[in-house]
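Colleague: I am new to this one. Could you walk me through how to read it?
Modeller: Gladly. Let us put it up first.

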There are 2 protein chains.
Amino acid sequence: MEGQGVGYIHKGAVAVSGSTIAAVGPTDEVSRDFPAHRTIDGTGKIVMPGLIDAHMHTGLTLVRGVAQDMNDWMQKGIWPFAKHLTTEDKKLGSMVNILEGIQAGTTTFGDYNDHMLDLAENYEQTGARAVVTEMVNEMPETIVDLEVGDLYPFDPSVGEEKKRRNEQLLEKYPFTEKGRITALSGPQGPDMMSLELLKEMQHLANIHHTKLHMHVAQGDREIGQMEKRYGKRSIPFLEEHGFLNNRLLAVHLTEATDEETAAVARSGAGMIYCAGSIGIIDGLVPPMLTFLENGGRACLGSDQAPGNNCNQMFNEMKMAAILNKVKRKDPSVFNATLAIRSATIESARVLGLEDQIGSLRRGKKADLIVIDAEQPSLFPVLTDPVRNIVPNLVYSARGHEVEMSIIDGRIVMEDRNVVTVDVKTAVKAGQKAADALVQRASADLKQADSDVVKMVKQGLL
Amino acid sequence: MEGQGVGYIHKGAVAVSGSTIAAVGPTDEVSRDFPAHRTIDGTGKIVMPGLIDAHMHTGLTLVRGVAQDMNDWMQKGIWPFAKHLTTEDKKLGSMVNILEGIQAGTTTFGDYNDHMLDLAENYEQTGARAVVTEMVNEMPETIVDLEVGDLYPFDPSVGEEKKRRNEQLLEKYPFTEKGRITALSGPQGPDMMSLELLKEMQHLANIHHTKLHMHVAQGDREIGQMEKRYGKRSIPFLEEHGFLNNRLLAVHLTEATDEETAAVARSGAGMIYCAGSIGIIDGLVPPMLTFLENGGRACLGSDQAPGNNCNQMFNEMKMAAILNKVKRKDPSVFNATLAIRSATIESARVLGLEDQIGSLRRGKKADLIVIDAEQPSLFPVLTDPVRNIVPNLVYSARGHEVEMSIIDGRIVMEDRNVVTVDVKTAVKAGQKAADALVQRASADLKQADSDVVKMVKQGLL
């Protein structure tokens, strides 16, 4: 992942010592210099950096599949459910979502939820790396009863409480210590809190030397709120108030104009592009290529289960490449190399962890995955003069080809079995919570004017 | 799959007798009426019709991953390889491609290759259902040395020989007998043979009471050939000469105008849309929705490995839905129900096999798949008042959730192991052939002006 390409060592080996990569090189050299307690035979395998999912909301997994193929996704699809989700529900769903990612090669999860301190326990337990963000807004719970288009009311006591939780998270998982779990500051969006709280969230990021992880221009819904409240679109507003800088992780930029996209890119802010999610929810392709063309740094995220509907980076790599080809009507405009870099080294850079993860290099954290190259979906393997490994990982692999995952030097999945958490038990516990949730939400769901509920009634789903 | 929806039976069962479905209904009724030699417990599983891949070229699998992310895909990417592919190479690659599909729930393969009689042996061996087509054109082998844009030369002796092979295929696998393998007539495209041979291919379809399976308006390359040769675009040309009718399976229609698309749809011809392939190769979204809006019948196919690059219908369902949402900038325009129907009942209808396959109904062939609904990617399962099974199959499943496949009443895959053919042996044999192929093609590859070869040279791949 150094330079512009992906790097390739035929018959190579990786030496791991503790949580760190001790060496990467030809097998004979590495095995000579590093006698090991355990040697894992990689014959017929691909060893590569673990995948980094820069933006997701694992707390919403219990409502996967309830809100796609419709308009007003958030207000009519998700909220009637979400108001009934307890923190325990979120945690149980989150666990299954994390396991889904691990099973498909994700080693770092950029998770963004309320009550993140509770959800972070899942990362303690699974052994996955996480960049966690508390989702802070100033909106009272009655927000879910608003009509589409109404201006959101703000409640400073709500904002204060949520900011306090973000502070606790930052204290428990300081970014500066570069541990396995690190925390960011998380204003949910410029439309979802007062300018005053937004500035406090930036101050929080400054004093903790961390990033500001925020949805920006994520939909016409947001732009509408900003214009109603401030008479300005999101990005000019953020620029005016000093939020465009290299501390900002701008998520989505779905509604950003070319000019606005360029302004964010040139500011040094990072962009996180959620290809599958925005494709399904909005039928749109955010301006990642424009962002790159303006010298910006961008990477990929899988967003939330009710909306994408999956959370794994093989899907995001493929979607990002194909959707951008189609956007520009040019098959060469987003290639497999860019896709795989955007889920590894570029994600690490955007998250500010490029010295820790994102490539296999001596001194970096030992986050790596082992992929069975003898699966039919990766067949055949050609190396010279044409090398087809990266294209087939991006365009053909489905995720189940990942058979081992090592995170922070520890084997978390082996022979496709997650060894830190029992998957079946997690699924059973989550399903029980989902069944109870549906009972509680049933009346609200029937009342909500959701296209999905209508389709079920009509026997179409 | 009856009516417009997908149908749903909670705690249901399917009784299979020989190669046929004897009953579908509530478990207590079915198990009372049909005492079985073997009962397969489907608790926590989804049982659904096997997926139908209406259009693919399994013979090209040995060159998967050599030609994406570039322009002039066919001439600069594929042909330098393809000229060195032997029939045995094609057969070995085809086998792995079929196994890839079976592992992801494909039970019927719409395979389209030259030397199909040889490749069809793979379907005999795997036990998969197949609709096979001999790829007939009139182009001499020197075609691969043409410059991009040159008019293709025709050689009647080539056409004669290929047509003869299609006749043999039709005799061995008559469509009228509705066996597990049935044959179609396969003119490769209106640009790739004389009008005379095209008419003979239609005559062949007529006398064998089968379909005419043809690429139509598949790219600007084809339209350019047609305009140069006849002064006409493909579809007006085909209309003028009587090819637009319910015998035609029109593949791609990538370059069809709205008016041309409507003409094909109204004629009763079927359309096969290859979402992943055309997205990757051309960066385009063919007019499937326009075709449907004009009363046409359309379905999905995965096309060839060097170009898609995968061959499995979970990918096609998702790609078709999302790419069309993006094309129309509307998330509701192509929903999960349409996607799953387009890979089952609609494929069956387009192929003329709706009385045999495509839904679970008494009297139809027992082609069905069993999916583990307790995999994290399908979590959670909600049934009332919102049902999320179909959306999560389309937008979240990766294919490995399919654990059993029954084709023509026979178990072909159980516990994810294909029982008719040893997958590892097939991959090994194919890899050996791929290694030898690369040796033979090496000089041509280096000479070809392929972007992919350049990227490898530059260390970018």
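Colleague: Is Arg165(A) buried or exposed?
Modeller: Keep in mind that this is a predicted model. Burial is read from relative accessible area, and under 20% counts as buried. Arg165(A) has 12%, so it is buried. Look for Arg165(A) in helix H5 of chain A, residues 156-172. Its C-alpha is 13 Å from that of Tyr112(A), and the two residues are 53 apart along the chain.

Colleague: How does Val333(B) count at 22% relative accessibility?
Modeller: Between the buried and exposed cut-offs, a residue is called partly exposed. Val333(B) counts as partly exposed because its value is 22%. Val333(B) sits in the loop between H13 and H14 of chain B. Ile322(B) is eleven residues away in sequence, and 9.5 Å away in space, C-alpha to C-alpha.

Colleague: Which residues form the positive surface patch?
Modeller: Both chains contribute: Lys327(A), Lys329(A), Lys327(B) and Lys329(B). Take Lys329(B). Exposed means over 50%. Lys329(B) has 60%, so it is exposed. Lys329(B) is in the loop joining helix H13 (313-328) to helix H14 (336-342) in chain B.

Colleague: What turn lays chain A on chain B?
Modeller: A turn of 180 degrees, with a shift of 0.0 Å along the axis, gives an RMSD of 0.0 Å. That is how a two-fold axis relates them.

Colleague: Which residue of chain A comes closest to the rotation axis?
Modeller: Arg398(A), with its C-alpha at 2.8 Å.

Note on methods:
Residues are numbered from 1 along each chain as its sequence is written. Chains are lettered from A and ligands numbered from 1 in the order in which they are written. This is a predicted model: local features need pLDDT of at least 70, side-chain atom pairs count only at pLDDT 80 or more; totals for chains, interfaces and linings use all residues. Side-chain values use heavy atoms; hydrogens and water are left out. Patches are made of residues with over 30% relative accessible area and no salt bridge: like charges are joined within 9 Å, nonpolar side chains (Val, Leu, Ile, Met, Phe, Trp, Tyr) within 5 Å. Accessible areas come from the Shrake-Rupley method with a 1.4 Å probe; for residues, only the protein chains shown count as cover. A salt bridge is a side-chain nitrogen of Lys or Arg within 4 Å of a carboxyl oxygen of Asp or Glu. Lys and Arg count as positive and Asp and Glu as negative; His and the chain ends are not counted. The place of a charge is taken as NZ of Lys, CZ of Arg, CG of Asp or CD of Glu. Helices (H or I, at least four residues) and strands (E, at least two) are DSSP runs, numbered from the N terminus. Buried means under 20% relative accessible area, exposed over 50%, partly exposed in between (1.4 Å probe, protein chains only). Copies are superposed by least squares on the C-alpha atoms of residues with pLDDT of at least 70 in both.
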